[in-house]
Structures are given as structure tokens and as C-alpha cells.
Amino acid sequence: MPRKIAAGNWKMHGDGAALAELDALIAAAAPGVEIVICPPATLIARMADRARGSAVAIGGQTCHHAATGAHTGDISAAMLVDAGATHVILGHSERRADHAESDAQIRAQAQASLAAGLIPILCVGETEAERDADVTLAVVTGQLAAAVPDLAPDTAGASLVVAYEPVWAIGTGRVPTTAQIAEVHGAIRAHLADRFGAAAQDIPLLYGGSVKPGNAAEIFAVANVDGALVGGASLKATDFSGIIGALSAA
Ligand code: PEP
């Protein structure tokens, strides 16, 4: 059985005042749910210190594939680990769009993350035009084929998290039907099983895109949904705790 994970992507939101929100999120921990908060890089070390010993893990939002070097503004996987991170979001559609990140780059970032001891939360998902053109499954499995690195089958379940995030559902309040989520998550599981065999059953598959306390239970009831990657509703502990509670009960 995959672990249940509620991951929060804070994007470019939050400063020192947001540390109080972390305290409230720590208090919102619920049985059987791993909580991962991915704040801006400026908060990682402070949040990791503050969350040490709690049920909340801290993650980065991207990393460079190189360990060090002349890459102004970038941060390496080892630097994230040094700051106290245990996870890193890779391939988020905003990184793909704003920074033209390719699947090949995301694969290299994932390899660097694994080598540094980070768990990648690797994002895939179709645009609205791709869904309308009925190529969603081809797009998502193509992204997986190109971006997911080779993993040792016996540790695959512990090393990787995959997040299905339809681009058109992120920050829009629009959510796919449960049948659409089930279809894509089933295809992701099948793709991973082709590559990693039985270990694919242990890789947590998260759904992301406008998850709120009010729709979380319905989404978590879908087959092969092991949690959520949450943007807006992860910023306030009052909202995120509702999602964590729904996942705990699922
Ligand atoms: C995200 O950015 O990963 C996300 C899912 O955002 P939201 O929950 O706000 O749609």
C-alpha cells in the first residue's frame, strides 16, 4: 500500500510571519498521513528547524541538476538537504511554463535529487488544449517516460512520489471529474508497473489542482489516489487541516 501524503506547494508566498502557520499545520497532523510543506527557498531552513521531530516534512520547489557551479539563482539538491529538506517538487507546470523546463531537465533534476537523498514529487499533467484534443493519457505517460529516472525496484516506492496535476485545474477552481482522475491515475500506475514491476504499487500518486476541504473526500475516494499536492489551500492551516483530515479518513 502506498503512503498517504498531503503536500503543500506554497509557491512564491510566505515570509517569516508564515512560521506561525507552520505551527498550526504541525498541530493539524492526523493519523496515517505524511505532511510535506514546500515553502519558498528562503523559509526552508527555518521551517525545517521548527518542524524537526513533528509529522511535517519540508521540501523544496525545484532544484538544479548540478551539485555546484556557475548557475546564478539556482539551488542544488544537496543544498536543499543541507537546509533540512527531505522532498522536492520537480516538473511543476509553472516551472515548465515560466522556465521552459523540459522532461530531460526534470529527469536530470530527479537523478540529482535521488543521489542527494531527496524524495522527488514529480509533476505531470496535460494542458486544456491537450485534454480537448483527447491526448491526455499520451501526454502524461510521455512525460513519465521521459522524466522519471531509473529506480531500483526494491526501493522505488520509498524514493519517488508522482503528482498528476492537470494544468487547467491549477489555481482555477476547476477540477476533473472523478472518472477523469481515475483514468489518468490508473494509466500512471500501469506505466510505473511496466517499468518497476510490483514496486509501482508502493509509489504514492497524488492528485493536484484546486483541491479544497470541500472536494477532498470525493477525490481521495478515487482508485490510485494516495493524497494531494495542494497550492492555495495549503497556505492556511484551517484549510489544509480539512484536507489532511479527509485523507486520514479515506
Ligand atoms: C499547485 O500549484 O500545485 C496546485 C495544485 O495549486 P492549487 O491547489 O492552488 O490549484
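This is a short conversation about reading two helix pairs and a ligand site in a predicted model.

Biologist: Let's start with helix packing. At what angle do helix α7 and helix α9 pack?

Modeller: A helix pair is read from its axes, since these are lines fitted to C-alpha atoms. Here α7 (residues 136-147) and α9 (residues 178-196) pack at about 35°, and their axes are 10 Å apart. The crossing of α7 over α9 is right-handed.

Biologist: Which residues of α7 and α9 meet there?

Modeller: On the α7 side you will find T136, L137, V140, T141, L144 and A145; their partners in α9 are E183, V184, A187, I188, H191 and R195. Sorted by class, this contact has seven nonpolar, three polar and two charged residues.

Biologist: Good, now the other pair. How do α1 and α2 cross?

Modeller: Helix α1 (residues 19-27) and helix α2 (residues 41-51) have axes that come within 10 Å and cross at roughly 35°. α1 passes α2 in a right-handed crossing. In α1, look for L19, A20, L22, D23 and I26, which meet L43, R46, M47, R50 and A51 in α2. That contact divides into seven nonpolar, no polar and three charged residues.

Biologist: Let's move to the ligand. How many residues surround the ligand, and which are the closest?

Modeller: For a ligand site, begin with the neighbours, then turn to the polar atoms. There are 14 residues around the ligand, and the closest are K11, E165, G171, S210 and G231.

Biologist: And what lies 2.7 Å from an oxygen atom of the ligand?

Modeller: That is an N or O atom in the side chain of E165. The backbone also takes part: a backbone N or O atom of G231 is 2.8 Å from a ligand oxygen, and a polar backbone atom of G232 is 2.9 Å from a ligand oxygen. As for burial, the protein covers 97% of the 290 Å² of accessible area that the ligand has on its own.

Terms used: Residues numbered from 1 in each chain as written. Predicted model: local features only at pLDDT ≥ 70, side-chain atom pairs only at ≥ 80, totals over all residues. Heavy atoms only, no water. Axes fitted to C-alpha atoms, helices over the stretch in contact; angles between N-to-C directions. Helix = DSSP H or I, 4+ residues; strand = E, 2+ residues; numbered from the N terminus. Left-handed = near helix turned anticlockwise from the far one by under 90°. Contact = heavy atoms within 4.5 Å. Nonpolar A, V, L, I, M, F, W, Y, C, P; charged D, E, K, R; others polar. Near = heavy atom within 4 Å. Polar contact = N/O pair within 3.5 Å; in protein donor to acceptor, adjacent residues only side chain to side chain. Areas by Shrake-Rupley, 256 points an atom, 1.4 Å probe, with all protein chains shown as cover.
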